[in-house]
Every structure is written in structure tokens, then in C-alpha cells.
Amino acid sequence: MPQSTSEAGRSAASVSSPLPSMAATGARNWRDYALALACCWSSTYPLAKLALPTIPPITFISARSLIAAAFLFAILWMRGISVPTDAKAWKLFATQQLINSTFPFLIITWSQLYVPASNTVVLASTTPIFAFLITSLITRHEPATLLKLAGAILGLAGTILIVGLDALRGFGIEIVAEIAILLATISFACATIFGLRLSEYDPMVVAAGSLLFGGLILLPPSLIIDQPWTLQPTPTAIVATIVMGIVSSALGLMLFYVCLGRLGTLTTNAQGYLRIPIGVGLSVLLLGESVPSNLALGLVLVMAGVAAMTVPAEKFKLR
């Protein structure tokens, strides 16, 4: 039987794109993608907290990036997909990795030496707030609405509540570290916008190339500063580094580029409000951290703000 016009259009779309579009997948698959990405990334900071006592930040980031790159390159080899060799592609991969991982994660990993993982989860999940501000004031590639503005105000209020009340107890290294996490989050926001330029490449190729660059660029400083052969990491730290490399970095970054290319900036950022309760829950479960009142209230405000900013109004009506 001949295909209808709409059926032919869907077939053409499936040929040109290895992954279904937002319209084709529907709301349920949108939630699946967002939840999968949130689960991968929410484990990042609790796992880092387990590794950092015996693996210094530079070596930790380099190791988990190289583990993730090796994992993805093995899958690419099995799938028969080649990685581009032109300078343009690697320049994009390098730029994206610097602003989406190497620079911000160096800052956050250092900060985690002084800040609980639960605080880090909430503060690092404010990416959509800064992405909204950058989009509204500079790039203007997506429309700004009153709902997004309200969400930004709620999120900023939650952030101020967490950092501000901690600061009242004394302006020490912990507050400097929390502010550093927010600066790193601005870098994440820039990466979310810049990453739209990579939509022409297979998400796994982008993730593999970026992670390889990130791991290799930090390898010399790791060898010179940390001298990894002198370290004595615990079994827990080694397992945490491997799991973070495969789950948080490899699978998480691949899902990030899948969502960014297929679902857009706002929907991709929607995983931020899902990541907060999962990450804080993992911090309590794995690390035994407590949730003070200012963090609990700040968590609610940030989560509500991110949800208001990133989930389209009609999504709130979905069942």
C-alpha cells in the first residue's frame, strides 16, 4: 500500500535522523530522556565526593574523562562509526569541552573539598537560570516569557538563601567554594548554548571527542603536579572514578548532546529540576549528609524555578 504524505514525511525524517524528533517521541519519551540524563548527572557530585579524599582533582578529572572516552570509542568502533579528523570538528569539540567540563569541573571538584555534595548538587543545577539570563540579555535565540522570568527569580532566591545564610555563619573558604560553583555553572550555561553548533555530529562522536580532548589536556598537569604513581587511592575511590567515567561522563554527556540536538536548549535544561532531588537523595544515602533547613528551602525554590523556566506550560498538564 502506498505511503500517505505524512507517513512519507515521517519515514524521511527517520532516515535523516538516527533519533526520533520531539514530535515523534511525544511527552512520555521526553520524560524518559530527561529522567535518564538527570539520573546520570545527579550521581556526579556524590561520586566525586567519594573519590576526592585519595585522588586529587586534576588527576580525578583526567582519569574519569579518559575512562569515559575509551568506553565511547569502543562503542563507536563496534558501531563502525568513524570520528572526524578535520580541524573544524576538533576545534568545536575542544571549545565545548573546555567550557562544559574541563574548566567548570576543575572549579567544582576543588570546591567539593570544602562543600557538601548536596549543596553542590543544588548550586550546580542552577544552569538553566544563567542560560535564561544569557539568552535574554545576549544571544536571544529563544523567547523570554514571564513564566521563565518568574522561574529565574525563584531560582536566584533559592541560591541566595543557600549561600547567603551560610555566609552569615562566617565568610570562610566554604563560601568562596560555593561562589566558585556558581561561576562554574555560568560556564555550563554557555556550553548549553554553544553546544547547539554541534548538532550536525553524532552525539556519541561529540561526547567521545570532547572527553578525549579533556582527558589528554589535563594529563600533563596531573603527571607533573599530582604524580599519580605516588597516590594510594582506596578501592571506593577507584570504583567511584570508573562509575563516574562511564555513567556520569560517557552516558551522561552522550544523552546531553542527544537532548540538545533533538529537543533544544530549554527541554534539555529541564533535567536540572529532576537532578536536584535525585542528587541530594544520593548524597544523603551514599555519604550520610544531612539537609539543613536553609538547603531544604533553597532546594525547593531552585527546583520550582528551574521547572518553571524549562518545562513548557502544557507539560504541567501531562499525566
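## A guided tour of an all-helix chain

Begin by selecting Asp202 together with Arg79, which form a salt bridge whose closest N and O atoms are 3.5 Å apart. The two partners belong to distant parts of the chain, 123 residues apart, with Asp202 in the loop between helix 9 (173-194) and helix 10 (203-226) and Arg79 in helix 4 (residues 57-79). Keep in mind while looking at these atoms that this is a predicted model. Colouring the pair by accessibility would show Asp202 as partly exposed, with a relative accessible area of 23%, while Arg79 also counts as partly exposed, at 44% relative accessibility. The count for salt bridges comes to 1.

Next, zoom out and display the chain as a cartoon. The chain holds 13 helices and 0 strands, and from the N terminus on its elements run α-α-α-α-α-α-α-α-α-α-α-α-α. Of the 319 residues in the chain, 49% are buried. If you draw the contacts between residues at least 6 apart in sequence, 89% of them join residues at least 24 apart.

Now select helix 6, residues 117-124, and hide nothing around it. This helix is largely enclosed by the rest of the structure, because 8 of its 8 residues are buried, that is, under 20% relative accessible area. Labelling the residues of helix 6 brings up Ala117, Ser118, Asn119 and Thr120, followed by Val121, Val122, Leu123 and Ala124, each of them buried.

From there, switch on the molecular surface. The accessible surface of the chain comes to about 14500 Å², and carbon and sulfur atoms account for 71% of that area. On this surface, select Leu216, Leu219, Leu223, Ile224, Ile225 and Trp229, which form a nonpolar patch with about 640 Å² of accessible area together. Leu216, a member of the patch, lies in helix 10 and is partly exposed, its relative accessible area being 45%.

Finish with the cysteines. Searching the whole structure for disulfides gives 0. Select Cys39, which is in no disulfide, and measure to the nearest cysteine sulfur, that of Cys40, which is 7.1 Å away; a disulfide would need the two sulfur atoms within 2.5 Å. Cys39 counts as partly exposed, at 39% relative accessibility. As a last stop, select Cys190, which is likewise partly exposed, with a relative accessible area of 34%.

How values were computed. Residues numbered from 1 in each chain as written. Predicted model: local features only at pLDDT ≥ 70, side-chain atom pairs only at ≥ 80, totals over all residues. Heavy atoms only, no water. Buried < 20%, exposed > 50% of the residue type's maximum accessible area, 1.4 Å probe, protein only. Helix = DSSP H or I, 4+ residues; strand = E, 2+ residues; numbered from the N terminus. Salt bridge = Lys/Arg side-chain N within 4 Å of Asp/Glu carboxyl O. Contact = heavy atoms within 4.5 Å. Areas by Shrake-Rupley, 256 points an atom, 1.4 Å probe, with all protein chains shown as cover. Patch = residues over 30% accessible without salt bridge, like charges linked within 9 Å, V, L, I, M, F, W, Y side chains within 5 Å.
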